[in-house]
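The following exercises ask the reader to work through one structure step by step. Each task is followed by a worked solution.

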Amino acid sequence: MFRKQILFVFFVQLFALSLFAKVKLPSVINNNMVLQQQSSVPLWGKASVNKTVSVSTSWDRKSYKAVSGKNGGWRVNVTTPSAGGPYTITFDDGEKLQLKNVLIGEVWLISGQSTMVMPLKGYPNQPTLDGNDIAANAANSRIRLFRLQRAVSNVPLDDCTASWEVASPESAVDFSAIGFQFAQQLQRILNVPIGVIESDWGGTRIEPWMDQASLSSFPEIKIPQENDTTKAGPNRPTCLFNAMIAPVTGYGIKGFLWYQGESNGGKPTGYDKLMAAMVNGWRKLWSRDTLSFYYVQIAPFSYGSTRDSIPVLREMQQKAQSQIPYSGMVVSIDAGNEFTIHPENKTIISKRLLYWVLGDAYHQKGIAYESPYYQSMEIKDGSAILSFTNTPNGFTSWDKKIEGFEIAGRDKYFYPADVKITGTHIKVHNDKVSHPVSVRYGFKDFAPGNLYNTDGLPVAPFRTDDW
């Protein structure tokens, strides 16, 4: 009997060792992935303790070596060429594991809440504009999609549930409508493989997407500590970062696309600092402080109880742009829906993100990407004359009456304003306000604007006062 027990234990140990005989890779490093071109990109995984792992790349036939640590973890950086593929990558710690159909191109990580999550197939009773047509044209072997399943954790995780999928109607319909259209357009224009990592969750605040270090400068926010017994949740600080960003941290990317804010609408003051801290934290973890970050200002909607603070949140979002280097904001004041918080037109947002990426991240000349921002006001003959940035050829409202402007005097009572385009300025007037003091534009939860520069980019909402 004793001998049988010894043999049983021996075979159990032998089986356990065999489980680690082959290199184990995280989900994000797998077949069909896209690696960032012309970069030094990390590859990592686990093996037996103190094991030499060899990594061979077919595009240059180079071999890289690493030795696994006490927990079996190892990491190497490989050099990628210009866009191309498909290639293979072989991992060998005594037993070989080969990844196939690997492409080299451009990789972006998208994140945020339900406006970013909304898939091509839409939500129940909330369609995505042209979603079926976009899906019908989705097949493209040079677009790869990686969508993390929802997860929460009080501590950082080293893996997630997801897989790289080749773009097809089937894989596209469940992917972010903004993210997929962005990938389609970028692939067509750059003519290189595109990879998009989607990590988002509807109805979430910004604090859960931030890591512990980034939140440390906000003492009012309770951060989960080691051995914390409080249940993790999607709106608990760090819990989404831990489960849905940490597992892909360091993966070679060009930058981030972000669309979030509604869930912070009830307390907008300081949102700019939170977002700046989040971006700074992500960049530190990627060891690249120049990673591009482009985000979307939340759209018009009748927000109910938070209606008075939503305009301030948009103000904070715009303010953040000056605090975050290598960033840009997409204005969506013309792309909302009064009674549906998830606007159906995701194409217009994906295009405006694309303009930022092409013009700013890829330095393509001739592409306008910055919206006009209020710059200054002059009072002249009972009217307010407004100046803006990014209007070299002036303005247009596409032959429609300009809406969304209000004007007030010292009594702080705002009247709807008559608006006239005068070259590269805007003249605002109301006969009831003989001595204007303040002008506002789109400064409500739902006040769609229809003023653009001649490149078709909407004027950002603003106020000239601080009331």
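## Exercise 1. Helices H5 and H9

In this predicted model, helix H5 has as its buried residues Ala177, Ile178, Gly179, Phe180, Gln181, Phe182, Ala183, Gln185, Leu186 and Gln187.

**Task.** Determine whether H5 is mostly covered or mostly open, and check the span of H5 against the value expected from 1.5 Å a residue.

**Solution.**
1. Ten of the 14 residues of H5 are buried, and the helix is therefore mostly covered, given that buried means under 20% relative accessible area.
2. Helix H5 runs over residues 177-190, and at 1.5 Å a residue its expected span is 20 Å.
3. The end C-alpha atoms of H5 lie 20 Å apart, in agreement with that expectation.
4. Directly after H5, asparagine 191 adopts a positive phi of about 60 degrees.

**Task.** Repeat the analysis for helix H9, residues 310-321.

**Solution.**
1. The expected span for the twelve residues of H9 is 16 Å.
2. The end C-alpha atoms of H9 are 18 Å apart, which agrees.
3. Nine of the twelve residues of H9 are buried, and H9 is mostly covered.
4. Those buried residues are Ile310, Pro311, Val312, Leu313, Arg314, Met316, Gln317, Ala320 and Gln321.

## Exercise 2. Strand pairing around serine 54

**Task.** Identify the strands that pair with E3, and state which residues are the bridge partners of serine 54.

**Solution.**
1. Strand E3 (residues 52-57) is joined to strand E4 (residues 62-67) by six bridges, and the two run antiparallel.
2. E3 and E4 form a hairpin with four residues between them. In that turn, arginine 61 has a positive phi of about 55 degrees.
3. E3 also pairs with strand E6 (residues 84-92), in the antiparallel sense, over four bridges.
4. The bridge partner of serine 54 in E4 is lysine 65, and in E6 the partner is aspartate 92.

## Exercise 3. An open sheet

**Task.** Give the strand order of the open sheet that contains E17, and name its edge strands.

**Solution.**
1. The sheet is formed by four strands in the order E18-E17-E21-E23, with antiparallel pairing.
2. Strand E18 (414-416) and E23 are the edge strands, since each pairs on one side only.
3. Strand E17 (residues 405-408) pairs with E18 over three bridges in the antiparallel sense.
4. Within this pairing, isoleucine 407 has tyrosine 415 in E18 as its bridge partner.

## Exercise 4. Cysteines

**Task.** Explain why cysteine 160 forms no bond with cysteine 239.

**Solution.**
1. A search of the whole structure returns zero disulfides.
2. The cysteine sulfur closest to that of cysteine 160 belongs to cysteine 239 and lies 16 Å away, which is too far for a bond. A disulfide would require the sulfur atoms to be within 2.5 Å.
3. Cysteine 239 is likewise in no disulfide, the nearest cysteine sulfur being that of cysteine 160.
4. Cysteine 160 counts as buried because its relative accessibility is 11%. Cysteine 239 is buried as well, with a relative accessible area of 0%.

## Exercise 5. Aromatic pairs

**Task.** Classify the ring pair of phenylalanine 388 and phenylalanine 462 as stacked, tilted or edge-to-face.

**Solution.**
1. The structure contains 25 aromatic pairs, counted where ring centres lie within 6.5 Å.
2. The ring centres of phenylalanine 388 and phenylalanine 462 are 5.6 Å apart and the ring planes meet at 75 degrees, so the pair is edge-to-face.
3. This pair links distant parts of the chain: phenylalanine 388 is in strand E15 (residues 383-388) and phenylalanine 462 is in strand E23 (residues 462-463), 74 residues apart.
4. Both phenylalanine 388 and phenylalanine 462 are buried.
5. Elsewhere, ring pairs join Trp108, Phe182, Tyr294, Trp356, Tyr362 and Tyr369 into a cluster.

## Exercise 6. The largest pocket

**Task.** State how much space lies in the largest pocket and which residues are closest to its centre.

**Solution.**
1. The largest pocket holds about 410 Å³ of space.
2. It is lined by 16 residues, of which Pro26, Trp44, Gly45, Lys46 and Asp158 are the closest to its centre.
3. Strand E2 (40-46) and strand E5 (73-79) each contribute at least two residues to the lining of the largest pocket.

Key. Residues are numbered from 1 along each chain as its sequence is written. This is a predicted model: local features need pLDDT of at least 70, side-chain atom pairs count only at pLDDT 80 or more; totals for chains, interfaces and linings use all residues. Side-chain values use heavy atoms; hydrogens and water are left out. The expected span of a helix is 1.5 Å times one less than its number of residues. Buried means under 20% relative accessible area, exposed over 50%, partly exposed in between (1.4 Å probe, protein chains only). Two strands pair if DSSP finds at least two bridges between them. Rings of Phe, Tyr and Trp (its six-membered ring) pair if their centres lie within 6.5 Å; planes under 30 degrees apart count as stacked, over 60 as edge-to-face and the rest as tilted. On a 1 Å grid over the protein atoms alone, a cavity is a set of points where a 1.4 Å probe fits but cannot get out, and a pocket is an open set with protein on both sides within 12 Å along at least five of seven lines; lining residues have an atom within 4 Å of a point. Grid points are joined across faces, edges and corners, and a volume is the space filled by probe spheres set on the points.
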